[in-house]
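Subject: The structure, and what turned up in it

Hi,

Here is the structure I promised to pass on to you. Have a look at it first, and then read my notes on the empty spaces and the helix packing below.

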Amino acid sequence: MNENVNRSALFNGSCFALITTAFTFAIRAGILPQLGEQFNLTAEQLGFINSMWFLGFPISMIIGGLVYHSFGAKNIMRVAFVAHTLGILLTIYSGGYTGLLISTLFIGFGNGCTEAACNPMIADMYSDNHIKMNKMLSRFHMWFPGGILLGALISKFMTEAGGFLQQWQTQMWVLMIPTIIYVILFYGKTFPKAKVEGATSLAQNFKAMLTPTFLFLFFCMALTAISEFGPQQWVSIVMSHSGADSMLILALTTGLMAVGRFFAGPVVRTLGQTGVLLGSAIFATIGIYLFSVVTGPIAYLAAVVFAIGVCFFWPVMVGSVAQRVPLSGALGMSVIGGIGMFSTAIFQPIIGGWIDGAREKNAAAGLTDSALELATGQDALSKMVSFPAILIVLFIIFFFWQKSLKNKAVETAAPQAIH
């Protein structure tokens, strides 16, 4: 480890950069009704504005992964700062629909740059200790749900306060606070160099990404991402008509996810990456199933189970690529994150179709009002159970597959040790 690298400052700066990402998710969601009212936007137009967040994110992640070793993490974070600042300012001074589309794309681009730079940088800083690397990646990623929780509470407080604080422009200025903090923490710091020989070669990166392990993780990431973001996006349909507070459900879920990621180190050390992924798939399946059948206070128990299931998915998947396919380098980590976001965008209209179909079916059965909405949401969530259920099978295969590879490595090393 280069003695000039201030790991604490770089890690803290990364966390504030991810808090910025989380704030753009939560606060923009909080001001969406105000944007629709002020600019007379339809729900479809608001949906397209939101989609720009998901579009900019994976584009910049993949570009950042391609240029990580030539352009550098420091320069990528400079681009992130410019994109975040432009996105925030363009939103505040936007004149309508087109301006909001462009500003949200900039914000999504900045968010993707953050992931593209910080994931491999943290992996490089702690590459000498895989347990520590997994712990720090998990603690970094805890600030996405943690930041969403904090941002949602800030937006809720400002909206309910009324007056100047309620205005959506004022709430957007809040996004500049963590943005400025991460710039200050990164300013003048030396960033680490890649620790894996060969990881700086794009040819080597692409070759590693064609290995069975990476391709398997690539497919699994698409399902882990939608298992996490799918129910969170649509769960309010069920909760708002089930006797439970949907915002409290969201706060409970994201809060527990943040706590779980903070303590991920001991969990990964005890169960291993494959054990954590398998256990997460089991809990996520049970949690989504409970969401699809329970009402009232038991929904909070479902939120706890669901949070336990999804809280480790994203950081452990990224850590698995860093540890098990190290020659894929920063590009591999960016592609894995990118497929997670692309998967979320692709599955959203599919889930919407499930909801439309379920509403039509239940209306034909004679259900109306709250009963109709509850049955519709629960039908859709029952289909979402298939995502983590498939992962249970895949991670059982992955568990024994990686165990077999480990045993073969030990057997191969043993004769060499004798000589």
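The lining of the largest cavity is made up of six nonpolar, two polar and three charged residues. Please keep in mind that this is a predicted model. The residues around that cavity are Leu18, Thr21, Phe57, Glu115, His141, Phe144, Glu228, Phe229, Arg261, Trp314 and Met341. Two elements, α1 (7-38) and α11 (212-239), give two or more residues each to this lining. As for volume, the largest cavity holds about 100 Å³ of space. A search of the whole structure turns up two cavities of 30 Å³ or more.

Next, the open spaces. The second largest pocket has a volume of about 400 Å³. Its lining counts 16 residues, and those closest to the centre are Thr274, Gln323, Arg324, Gln402 and Lys406. Which helices supply this lining with at least two residues each? They are α5 (130-141), α13 (264-293), α15 (313-324) and α18 (386-418). The biggest share comes from α18, which gives six residues. Sorted by class, the pocket lining has five nonpolar, eight polar and three charged residues.

Now to the helix packing, starting with α1, which you have already met at the largest cavity. Helix α1 packs against α4 (residues 97-125) at an angle of about 155 degrees, and the two axes are 10 Å apart. An angle over 145 degrees counts as roughly antiparallel, so that is how α1 and α4 run relative to each other. Their crossing is left-handed. On the α1 side, the contact involves Arg7, Leu10, Phe11, Ser14, Ala17, Leu18, Thr21, Thr24, Arg28 and Leu35. These meet Leu100, Ser103, Thr104, Ile107, Asn111, Thr114, Glu115, Cys118, Met121, Ile122 and Met125 of α4. By class, this contact has 11 nonpolar, seven polar and three charged residues. Leu18, Thr21 and Glu115 take part in this contact and also line the largest cavity.

Helix α13, one of the helices around the second largest pocket, has two packing partners worth a look. With α14 (residues 298-310), its axis comes within 7 Å and the crossing angle is roughly 155 degrees. That makes α13 roughly antiparallel to α14, and the crossing is left-handed. From α13, the contact uses Ser280, Phe283, Ala284, Ile286, Gly287, Ile288, Leu290 and Phe291. From α14 come Ala299, Ala302, Ala303, Val305, Phe306, Ile308, Gly309 and Val310. The class count here is 13 nonpolar, three polar and no charged residues.

The other partner of α13 is α17 (residues 369-384), packed at an angle of about 160 degrees with the axes 8 Å apart. These two helices are therefore roughly antiparallel as well, and they cross in a left-handed way. Ile288, Phe291, Ser292 and Val293 of α13 touch Gln378, Leu381, Ser382 and Met384 of α17. Five of the contact residues are nonpolar, three are polar and none is charged. Ile288 and Phe291 are worth selecting in your viewer: they belong to the contact with α17 and also to the contact with α14.

Happy to talk any of this through whenever it suits you.

Best wishes

Key:
Residues numbered from 1 in each chain as written. Predicted model: local features only at pLDDT ≥ 70, side-chain atom pairs only at ≥ 80, totals over all residues. Heavy atoms only, no water. 1 Å grid on protein atoms, 1.4 Å probe; cavity = no way out; pocket = protein on both sides within 12 Å on 5 of 7 lines; lining within 4 Å. Points joined across faces, edges and corners; volume = space filled by probe spheres on them. Helix = DSSP H or I, 4+ residues; strand = E, 2+ residues; numbered from the N terminus. Nonpolar A, V, L, I, M, F, W, Y, C, P; charged D, E, K, R; others polar. Axes fitted to C-alpha atoms, helices over the stretch in contact; angles between N-to-C directions. Parallel < 35°, antiparallel > 145°, perpendicular 65-115°, else oblique. Left-handed = near helix turned anticlockwise from the far one by under 90°. Contact = heavy atoms within 4.5 Å.
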